[in-house]
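Welcome, and thanks for opening the viewer. Let's take a short walk through this model, one selection at a time.

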Amino acid sequence: MRSGVRVGVDVGKVRIGLARSDNHGMLATPVETVARDQAGLTDLARIRAIVIELDAVEVIVGLPLALSGNVTASTDDAIDFADRLARTFEVPVRLVDERLSTVSAQSALRASGRSAKTQRPVIDQVAATIILQHALDSERASGRPPGSPVEPTERP
């Protein structure tokens with residue numbers, strides 16, 4: 001298992017959930033929810049600040065595929081966002097399958113007694129935590145980095 005903090009990202013149309021791992025890559029925890037900026041300025045700047053503050057070695061972005069494995073509009077959006085992250089950051093960005101992460105996050109929050117209304121501010125953070133924990137567990141089991149690397153189309 002590689003050492004270093006990883007940042008998990010759950011890309012949504014309105015909000016972006018962020019999570020982080022410990023330095024040993026054992027446990028993912030929620031960090032914050034960032035408002036999505038369609039212009040791509042404030043959200044990228046905030047995520048970049050967190051990556052720098054945590055001295056992260058990698059960013060893991062959830063890839064929302066349909067249950068069948070097919071690509072959806074959300075898949076394309078996540079790929080585009082991951083590409084923008086890869087062009088903005090000095091650290092590697094990877095895409096990891098996130099099927100059912102939001103459903104799992106909703107179930108976990110409901111089980112903890114949170115109503116749908118009180119889930120909204122944290123659901124994206126919990127989804128990012130689930131995505132990142134899945135990536136960490138996958139790497140620990142296989143000995144290989146999870147998902148697939150994002151090769152930026154161009155650097156700024």
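**Start with a pair of strands**

Select strand 2, residues 15-21, together with strand 3: the two run antiparallel and are joined by seven bridges. For one example, pick R15 and look for A35, its bridge partner in strand 3. As you look, keep in mind that this is a predicted model.

**Widen to the sheet**

Now show the strands together. They form an open sheet of six strands with mixed pairing, in the order 3-2-1-4-5-6. Which strands stand at the edges? They are strand 3 (28-35) and strand 6 (148-149); each has a single partner strand, so one side of each is left without a neighbour in the sheet.

**Add two helices**

Next, select helix 1, residues 42-53. Helix 1 packs on the sheet, where it touches strand 1 (6-11), strand 2, strand 3 and strand 4 (58-63). Its direction makes about 155° with that of strand 3.

Then move to helix 2, residues 73-88. You will find helix 2 lying across strand 1, strand 2, strand 4 and strand 5 (93-97), and running at about 165° to strand 4.

**Step back to the whole chain**

Finally, colour by secondary structure: the chain has four helices and six strands. Following the sequence, you meet them in the pattern β-β-β-α-β-α-β-α-α-β. Of the 156 residues in the chain, 44% are buried. If you switch on the surface, its accessible area comes to about 8,000 Å², with 55% of it belonging to carbon and sulfur atoms.

How values were computed
Residues numbered from 1 in each chain as written. Predicted model: local features only at pLDDT ≥ 70, side-chain atom pairs only at ≥ 80, totals over all residues. Heavy atoms only, no water. Buried < 20%, exposed > 50% of the residue type's maximum accessible area, 1.4 Å probe, protein only. Areas by Shrake-Rupley, 256 points an atom, 1.4 Å probe, with all protein chains shown as cover. Pairing = 2+ DSSP bridges. Contact = heavy atoms within 4.5 Å. Axes fitted to C-alpha atoms, helices over the stretch in contact; angles between N-to-C directions.
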